[in-house]
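Here is a friendly walk through one model, to be read with the sequence and the coordinates open beside you. Please look it over first, and then we can go through its contacts together.

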2 protein chains.
Amino acid sequence: MSELRLHRFIPYRLSVAANAVSRRISDSYRRRFGLKIAEWRVIAILAENERMTPQDIGNKGELDKITVSRSATALMDRGLLLQQRNPEDGRSHFLQLTPDGRALYEEIAPAALRLEQELLTCFSEEERDLLESLLRRIESAANSP
Amino acid sequence: MSELRLHRFIPYRLSVAANAVSRRISDSYRRRFGLKIAEWRVIAILAENERMTPQDIGNKGELDKITVSRSATALMDRGLLLQQRNPEDGRSHFLQLTPDGRALYEEIAPAALRLEQELLTCFSEEERDLLESLLRRIESAANSP
DNA sequence: TATTGTTATACTCTATAACTATA
DNA sequence: TATAGTTATAGAGTATAACAATA
């Protein structure tokens, strides 16, 4: 059996790295756009998909239904999102960006990409893709029964 | 400018992977050993270092002083940790594992390594080391001014 | 005055469960 | 009955600030 060393323990390294990134990003989103990370995810998903139910948003963005519901309420209060009835199922509804919401997204997206670029300073394209695929594999293993 | 896609956005992938891993680990630690992740880190650090001040523990384990203080109190209440006075500085003190604390560590460490192995199923040694180094680089970039 | 560690407080995040309205 | 979404509540994590003891 190999010896346990906290500093080489992958769950530790992953947690520390994710916390550092999340702190920097959420500071930036909150300061510049008044958004929490979950709210930003809802916007990003609707920017890619036009009309979606809360459930589909949650599945797409790894958010539970409570988080989606609260994020959507906050975004609707700011006029960034609107609800439309779902003629096929009255329990549900569609969510969609308003023009203001779309405009905010157009402003955030380049800032987000710049931020990602800063994090990936000195990463080659291959290293970036490799990191993405390693993270997906870890995530999938962590979610396995 | 390249297009933003949430599912290929590294901060998103990192957050989702870290949450999945953290959920699985904290479930396991709480259920099996009654420990929070911060408490586990304090134990792991003291298992590697014998006697340390709260401040040094915080630096070593990326924990703020409040978290270290509360974790240490909880662990002392369970008899896993003891305090010794620091003759060089009366404001501080040393923390050290008790025999019970050491015994608990000896029980957790193999379980932690097994859990890490599960997460790294199908990872080669090179991939594991690469992931560690990519995570360190991202963390360092995120903490840069 | 500055620093170590503790306590108080609050805000975010996450998870559980109860509720409503529809199916 | 079961499901989509909302609301209430609580626990864990994290951050700021005030405090006591010591330097």
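Which phosphate oxygen lies 3.4 Å from a backbone N or O atom of P54(A)? The partner is a phosphate oxygen of DNA strand D.

Before going further, a word on ground rules. This is a predicted model, in which local features need pLDDT of at least 70, side-chain atom pairs count only at pLDDT 80 or more, and totals for chains, interfaces and linings use all residues. Residues are numbered from 1 along each chain as its sequence is written, chains are lettered from A and ligands numbered from 1 in the order in which they are written, and side-chain values use heavy atoms, with hydrogens and water left out.

**The protein chain**

Chain A has six helices and two strands; helices here are DSSP runs of H or I with at least four residues, strands are runs of E with at least two, and both are numbered from the N terminus. Reading from the N terminus, the order is α-α-α-α-β-β-α-α. The C-alpha trace of chain A spans about 60 × 35 × 25 Å along its principal axes.

**DNA strand D**

A residue counts as near a strand if one of its heavy atoms lies within 4 Å of it. By that rule 18 residues surround DNA strand D, and P54(A), S69(A), R91(A), S92(A) and I66(B) come nearest. Of the atoms of DNA strand D within 4 Å of the protein, 57% are sugar and phosphate.

Both protein chains take part in this surface: helix 1 (10-33), helix 3 (54-61) and helix 4 of chain A, along with helix 4 of chain B, each supply at least two residues. Helix 4 of chain A gives the most, with four residues. By class, the surface near DNA strand D holds three nonpolar, seven polar and eight charged residues. In this scheme Ala, Val, Leu, Ile, Met, Phe, Trp, Tyr, Cys and Pro are nonpolar, Asp, Glu, Lys and Arg are charged, and the others, Gly among them, are polar.

**DNA strand C**

Around DNA strand C there are 19 residues, of which I66(A), R23(B), S69(B), R91(B) and S92(B) come nearest. Sugar or phosphate makes up 60% of the atoms of DNA strand C within 4 Å of the protein, and bases make up the rest. Helix 4 (65-77) of chain A and helix 1 (10-33), helix 3 (54-61) and helix 4 (65-77) of chain B each bring at least two residues to the surface near this strand. Here helix 4 of chain B gives the most, with four residues. The surface near DNA strand C consists of three nonpolar, eight polar and eight charged residues.

The table gathers some close N and O pairs between protein and DNA. For reference, a polar contact is a pair of N or O atoms within 3.5 Å; within protein, one must be able to donate a hydrogen and the other to accept it, and residues adjacent in sequence count only if both atoms are side-chain atoms.

| Residue and its atom | DNA atom | Distance |
|---|---|---|
| Q55(B), backbone N or O | phosphate oxygen, DNA strand C | 3.1 Å |
| R70(B), polar side-chain atom | base nitrogen, DNA strand C | 3.2 Å |
| R91(B), side-chain N or O | base oxygen, DNA strand C | 2.8 Å |
| K65(A), side-chain N or O | base nitrogen, DNA strand D | 3.1 Å |
| S92(A), polar side-chain atom | phosphate oxygen, DNA strand D | 2.7 Å |

**How the two chains meet**

A turn of 180 degrees and a shift of 0.0 Å along the axis lay chain B on chain A with an RMSD of 0.0 Å, after least-squares superposition on the C-alpha atoms of residues with pLDDT of at least 70 in both copies. This is the relation of a two-fold axis.

With contact meaning heavy atoms within 4.5 Å, 60 residues of chain B touch 60 residues of chain A. The copies meet through the same surface, because 100% of the interface residues of chain B are also interface residues in chain A. About 5700 Å² is buried between chain B and chain A, with carbon and sulfur atoms giving 66% of that area; buried area is the accessible area (1.4 Å probe) that two parts lose on being put together, summed over both.

Across this interface the rule finds 30 residue pairs in polar contact, both residues at pLDDT 80 or more. On the side of chain B that touches chain A, helix 1, helix 2 (37-49), helix 3, helix 5 (99-119) and helix 6 (125-143) of chain B each supply at least two residues. That side of chain B divides into 35 nonpolar, six polar and 19 charged residues.

**Salt bridges**

Side chains of opposite charge can pair when their charged atoms come close. A salt bridge here is a side-chain nitrogen of Lys or Arg within 4 Å of a carboxyl oxygen of Asp or Glu. The structure holds 24 of them over all chains, and 10 are found across the interface of chain B and chain A. One pairs E48(A) with R5(B), whose closest N and O atoms are 3.1 Å apart. Another joins R13(A) and E139(B) at 3.0 Å, N to O, and this pair crosses from helix 1 of chain A to helix 6 of chain B.
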